Amino acid sequence: MRASLRRYRLCVWLLAALCCWSGGLAAPPRAAAAAEGITPLLLGSLQNSDTATVTPADRLFSALAAQATSSIDIALYDFNRASVRDALIAAKARGLAVRLVGDNLDAADPAYSAYYQAVASAGIPVVTDASDSLMHNKFAVFDRSVTWTGSANFSDNAFVRNGENVVVITSTVVADIYGAEFAEMFGGKFHNQKTDNTAHSASVAGSAVEVAFAPTDNVESRMVAALNSAQTSIGVAMFTFTSAPLAQALIAAHSRGVAVEVLLETASAASQFSQRDALCAAGVTVRVEDWQPKLHDKYAVIDAGTASDPQIITGSTNWTSSAVSANDENMLIVHSAAVAGAFASDFARLRGAIGAGAFVCNAGPNPAPEHVQFIPLALGDPPPAQGQARIVAIDAAPPVALDESVLIRNVGGAALAMGGYTLSDAANTTYTFPAFTLAAGAEVRVWVKAGADDAANLYWGRGQPVWNNGGDTATLRDAQGTVVSTFSYP
C-alpha cells in the first residue's frame, strides 16, 4: 500500500511539473565562471529560538539564488523554510530554469506539503522518488557553478535551531559532479536504479575535494578510509550512528593512539542499534547532547590543527546501513586546514553546550573554556579592484570580557574610506566608525572597551560585552546602510 501510494504521488508531481515546465531534462546553460572557493557555515542556536529569526543560512541561500542568472537545481528532504521557497519562486519568475527533486512521503507530509505545492504551482518542476527508501539529499547547484551541501534540511529547525553545517563550493567541476547526480534523479532514477557515473575528486582553490553518492558509490568504504588516515584526532558529530564498520574504524583509531571523541543526538543514541555502547566499551569518549533541538550534523573532523592531512567528512549521510546502501545521499570530504579548523571550533561549541548531567563515557576532566576565534571562510577569492571591507575574525571569548574585538580587513585592491560605516549585533547595538581610510590589505580591530583610536585599533567604549551570547549576528554596513559583511557568533 505504501509503495503504491508513493508511486501515485510521484505521478501527480510529475504531471504537475510537466504541465508547468517546458525545459525538458537537458541541463541548463552554465553561467560565467566565478572564482573558486570553499565556504563552511556552522549553524544552530541549540535552543528553541524563534524560527522567524533571519539567519546566516537564510542570507547566504537568498544571495546565491538572487545572484544566479541561468539555473538552480535543488534536491531536498524536509522543506518548510519560507526564505528558500521565496528565493526559488523569485528565481523562476526572473526566467531561470529552476528544478526540484524531493522525497515522496516527505512531500506529502502536512509539515512540508504546502511548500512543495507552492513551488510546483509557481511552475517549478518537482520530481520525487517512488520507494520506501529516502531521497535524503540536501544540496543545490546554482548556475552549474556553485554547490550548496551539508547536513541542513531546507527547514526552520535546520536554519535556526539544530546543530547543522553547510559547505558552499564554487567550482564548475564540483557543480558538474552534483549536477550529474541531480540529472539521474530528475530523470526518474533513484536509489539503486542509479549508477556510479560521476567523477569523485576535484581540486578547489588548492584543496582536494572528494564527492560520492549513496547507494551506488561505496560511500561507507570511502569514509572508513578517511578515518583510517587519522594520525592525531577525530571528532564526530552525528545524528544517527548505527554503522558497525564506521564504529570499528573509530575504535581502531583509538587503539593506535588517536584522540577520538563522538557527540550523538539523544533519541538516536538510545536506540538498540546505536553504536554508543560499543564505542564506550572500547574506551572511546562519547557524549550525548541534551538540547531540545537536535544535533543533526553528520560530520567528522580529522587531524585539525596539524600538518598531516586535516580534513572533514560531511554531507547528508547519517552513519547507518540504510543511508549508505539504500537512500539517496551525498558525502563530501574536504582536505583543508582552514575548513577543518572551522569544523573543529564548531565541535568545541557543540561539546561545550552539552549539560553536566548528560550521558558521557570515558571522559577525562572537562577542558577549560577555549579562547577561540570564529572565522568565516571564503577561500580562493581574488581581491576586487575597489576597496571592500570584510569581517575576518571575532575574538568573542577573551580572558577579560571587555577585551572582545572584531577584526576587519580591506580585502579589496584599493584604499577604502570607512567613515560612517557601522558595526552592529542582532539587537542592533551599533558602533559607528569615525572618519578614516583603511589601506588595501590592511586590518583594523574594533575593541568593545574604551581606548584611544589609532590607525589599527578603534575603541567602541561600551561597558559590557556584545558578542558573548550564542547565535548573535555581527553585521557591517557601509555609510549608505548597505550590508557588506555578516556572520553569526556560534
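A residue counts as buried when its relative accessible area is under 20%. By that criterion Arg99, at 3%, is buried in this predicted model.

**Figure 1. Overview of the predicted model.** The protein contains 13 helices and 27 strands. Of its 490 residues, 54% count as buried. Among contacts with a separation of 6 or more, 71% are made by residues 24 or more positions apart. A search of the whole structure returns twelve salt bridges, some of which are shown in the views below.

**Figure 2. The salt bridge between Asp73 and Arg99**. The closest N and O atoms of the two side chains are 2.8 Å apart. Asp73 belongs to strand β2 and Arg99 to strand β3, so this salt bridge ties together parts of the chain that are 26 residues apart in sequence. Arg99 has a relative accessible area of 3%, and Asp73 has one of 7%. Each value is under 20%, so Asp73 and Arg99 both count as buried.

**Figure 3. The open sheet of seven strands and helix α7**. The strand order is β1-β7-β6-β5-β2-β3-β4, with mixed pairing. Strands β1 (37-43) and β4 (126-128) form the edges, each pairing on one side only. On average, neighbouring strands of this sheet are turned by 15 degrees against each other, direction ignored. Strands β6 (residues 146-150) and β7 (residues 164-170) run antiparallel and are joined by five bridges. Within this pair, Trp148 has Val168 of β7 as its bridge partner. Helix α7 (residues 172-186) packs on the sheet and touches β2 (71-75), β3 (97-102), β4, β5 (139-142), β6 and β7. The direction of α7 makes about 65 degrees with that of β3.

**Figure 4. The open sheet of nine strands with helices α7 and α8**. The strands follow the order β8-β9-β15-β14-β13-β10-β11-β12-β16, and their pairing is mixed. At the edges stand β8 (201-204) and β16 (360-361); each has a single partner strand, so one side of each lacks a neighbour in the sheet. Strands β14 (residues 311-315) and β15 (residues 329-335) are antiparallel and share five bridges. One of the paired residues is Gly315, whose bridge partner in β15 is Met331. Helix α7 lies across β8, β9 (207-214) and β15, and runs at about 0 degrees to β9. Helix α8 (residues 219-228) lies across β9, β10 (233-238), β13 (298-302), β14 and β15, at about 25 degrees to β15.

**Figure 5. Salt bridges of Asp86 with Arg85 and of Asp176 with Arg144**. In the pair formed by Asp86 and Arg85, the closest N and O atoms are 2.8 Å apart. Asp86 is partly exposed, with a relative accessible area of 40%, and Arg85 also counts as partly exposed, at 22%. The side chains of Asp176 and Arg144 meet at 3.8 Å, N to O. This second pair links distant parts of the chain: Asp176 lies in helix α7 and Arg144 in the loop between β5 and β6, 32 residues apart. Asp176 is partly exposed at 34% relative accessible area, as is Arg144 at 25%. Elsewhere, salt bridges that share partners join Asp58, Arg81 and Asp156 into one network.

**Figure 6. The surroundings of Asn327.** Asn327 is located in the loop between α12 (321-325) and β15. With a relative accessibility of 7%, Asn327 counts as buried. The side chains of Asn327 and Glu329 are joined by a polar contact of 3.1 Å. Leaving aside residues up to four places away in sequence, Asn327 touches Ser133, Leu134, His191, Ala214, Pro215 and Ser322.

**Figure 7. Helix α13 and its start**. Helix α13 comprises 17 residues (residues 337-353). At 1.5 Å a residue, the helix should span 24 Å, which agrees with the 24 Å between its end C-alpha atoms. At the start of α13, a side-chain oxygen of Ser336 comes to within 3.3 Å of the backbone nitrogen of Ala338. The buried residues of the helix are Val339, Ala340, Ala342, Phe343, Asp346, Phe347, Ala348, Arg349, Leu350 and Arg351. An α-helix has 3.6 residues a turn, so residues three or four places apart point the same way.

Definitions and conventions. Residues are numbered from 1 along each chain as its sequence is written. This is a predicted model: local features need pLDDT of at least 70, side-chain atom pairs count only at pLDDT 80 or more; totals for chains, interfaces and linings use all residues. Side-chain values use heavy atoms; hydrogens and water are left out. Helices (H or I, at least four residues) and strands (E, at least two) are DSSP runs, numbered from the N terminus. The expected span of a helix is 1.5 Å times one less than its number of residues. Buried means under 20% relative accessible area, exposed over 50%, partly exposed in between (1.4 Å probe, protein chains only). A polar contact is a pair of N or O atoms within 3.5 Å; within protein, one must be able to donate a hydrogen and the other to accept it, and residues adjacent in sequence count only if both atoms are side-chain atoms. Two strands pair if DSSP finds at least two bridges between them. Axes are lines fitted to C-alpha atoms, for helices over the stretch in contact, and angles run from 0 to 180 degrees between N-to-C directions. Contact means heavy atoms within 4.5 Å. A salt bridge is a side-chain nitrogen of Lys or Arg within 4 Å of a carboxyl oxygen of Asp or Glu.
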